[in-house]
Amino acid sequence: MNIGKKTEYSSILEEFGISKIKKELSRIGTDHLFFRRGIVFAHRDFDKILNRIEQKKEWAIISGRGPSNDLTYGHLILFELIKYLQEKYQCQFFLPFSDDEKYVFRKIDSLKSAYNLALKNAIDIFALGFQPNQVHAYISSSTPRIAYLALTFSVNLTYNSIKSALGLIGDENIGTPYYSCIQAAHILHPTTDYDLPVVVPIGLDQDVFMRLTRDVARKRRITLPASLYIKYLKGLDGSPMSSSNPENCIFLRDGSQIVKKKILRAFTGGRATIKEQRELGANPEICTIYDFFEKLFIKDDKELADICRRCKNGEIICGLDCKPKLISLIHEFQKQFEQRKKGIIKNLHRYFDHEIDMSEINVKSDSK
Ligand code: SF4
């Protein structure tokens with residue numbers, strides 16, 4: 001799905017009954033840049049979650065992680081959002097690691113390697129600052145309750161509805177359509193088992209799974225899951241950052257020299273020469289470096305506006321000013337992140353709802 005243009009965004013939102021976040025802003029507040037800058041830009045039924053918050057009733061966040069690679073800076077938007085909502089509203093966070101998804105979609109050779117990657121991903125996610133008593137993490141294929149719920153929900157989804165929603169052609173393995181039942185189990189499990197209505201923060205291109213799950217919930221008279229839609233971080237070539245394209249992304253575990261090398265070759269809105277840029281200015285709107293500033297690293301609006309103005313006026317130069325600045329911001333983040341990871345590794349089991357096997361996890365920092 002191409003969701004690059006504003007008009008396409010709007011028509012997709014309208015077609016699928018998703019609302020832009022506007023009037024809800026006064027209820028959510030704009031203290032976080034994700035809401036202030038429109039990085040969380042739309043929702044479905046989040047007003048109902050806000051009602052619960054105002055009535056002092058509990059709810060939960062659920063967001064899955066498919067472990068097929070390391071986390072990238074693109075994932076930081078999602079997990080920073082969850083951390084912010086959780087700290088602000090003290091809600092529980094359910095985190096299924098969908099090793100089964102990566103296996104049936106053939107993104108990984110074995111469930112065992114997905115399991116180990118899930119634990120590595122878990123270390124990185126929790127090192128962002130989550131508290132174990134507010135997290136329910138689990139490996140999907142190691143959780144019998146999820147298999148039970150998926151089987152239960154399977155009678156509420158037809159093969160044809162999944163085929164058309166996912167655009168299947170019929171020669172996929174049978175696990176591919178069945179995975180929609182497992183995903184419905186992940187999303188609805190906090191509601192069925194803990195009586196907690198949920199919100200799922202996602203990218204717009206993942207909404208198809210929400211629609212399938214809401215169909216299941218409607219048929220089973222379960223509270224419909226709400227969703228929040230977040231914008232993607234630009235990858236190094238300007239397209240959305242994706243871990244399946246290592247050349248296009250920066251991994252949280254990339255070493256400092258790799259980070260530097262990647263940023264130095266990143267696409268910007270700059271001109272061909274410094275002289276030209278000083279004379280004509282540059283374009284921050286298409287710039288990957290500015291995207292990192294806006295979505296993650298420059299929290300002060302005045303400072304960001306100043307970068308934007310100076311970029312357009314040709315007062316700053318990509319390779320002389322912005323790229324070195326981003327490299328040093330990421331290096332600073334990495335230092336703190338590496339420190340926090342050490343504390344998480346020995347406590348990782350406290351975040352999981354079941355026992356975990358760490359025997360194949362290198363407990364020393366393994367940044368590349
Ligand atoms: S000057 Fe900075 S913000 Fe402007 S295009 Fe270059 S890197 Fe991007």
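The following paragraphs describe the domains, the ligand shell and some local features of a predicted model.

The protein chain falls into two parts, with domain 1 spanning 13–230 and domain 2 spanning 246–351. Taken over C-alpha atoms, the centres of domain 1 and domain 2 are separated by 28 Å. The two domains meet in a contact to which domain 1 brings 19 residues and domain 2 brings 18 residues. On the domain 1 side, at least two residues each are supplied by α5 (73–89), α7 (111–126) and β5 (135–139). Of the contributors to this side, α7 gives the most, with 5 residues. Sorted by class, the side of domain 1 that touches domain 2 holds 14 nonpolar residues, together with 2 polar and 3 charged ones.

Attention turns next to the ligand. Its surroundings comprise 13 residues, and the closest are G269, C287, C311, C318 and C322. Three helices give two or more residues to this shell, namely α14 (288–297), α15 (301–312) and α16 (318–345). The shell around the ligand has no charged residues; its classes are 10 nonpolar and 3 polar.

Among the closest residues to the ligand is C287, which sits in the loop between α13 (274–280) and α14. C287 counts as buried because 24 other C-beta atoms lie within 10 Å, where the cut-off for a buried residue is 20 or more. Leaving aside residues up to four places away in sequence, C287 touches T268 and G269, and G269 is likewise listed among the closest residues to the ligand. A further pairing in space involves G235, which lies 52 residues from C287 in sequence while their C-alpha atoms are 10.0 Å apart.

The helix that follows this loop, α14, is itself mostly covered, with 9 of its 10 residues buried. These buried residues are T288, I289, Y290, D291, F292, F293, E294, K295 and L296. They pack against α5, α15 and α16. Of these partners, α15 and α16 also give residues to the ligand shell, while α5 supplies residues to the side of domain 1 that touches domain 2.

Within domain 1, a helix pair offers a clear example of packing. Helix α10 (residues 175–194) and helix α11 (residues 207–220) have axes 9 Å apart and cross at an angle of about 75°. The two helices are therefore roughly perpendicular to each other. From α10, the contact involves S180, Q183, A184, I187 and L188, and these meet F209, L212, T213, V216 and A217 of α11. By class, this contact has 7 nonpolar and 3 polar residues, with no charged residues.

Two residues deserve a brief look for their backbone geometry. D45 is a residue other than glycine with a positive phi, near 65°, and its place is in the loop between β2 (40–44) and α4 (46–54). R106 is not a glycine either, yet it has a positive phi of about 60°; R106 belongs to the loop between α6 (99–104) and α7. Their surroundings can be set side by side. D45 is classed as buried because 20 other C-beta atoms lie within 10 Å, a count that meets the cut-off of 20 or more. R106, with 12 other C-beta atoms within 10 Å, is therefore exposed, as a count of 12 or fewer defines an exposed residue.

Definitions and conventions:
Residues numbered from 1 in each chain as written. Predicted model: local features only at pLDDT ≥ 70, side-chain atom pairs only at ≥ 80, totals over all residues. Near = placed C-beta within 6 Å. Helix = DSSP H or I, 4+ residues; strand = E, 2+ residues; numbered from the N terminus. Nonpolar A, V, L, I, M, F, W, Y, C, P; charged D, E, K, R; others polar. Domains from an automatic or database assignment. Contact = placed C-beta atoms within 7 Å. Axes fitted to C-alpha atoms, helices over the stretch in contact; angles between N-to-C directions. Parallel < 35°, antiparallel > 145°, perpendicular 65-115°, else oblique.
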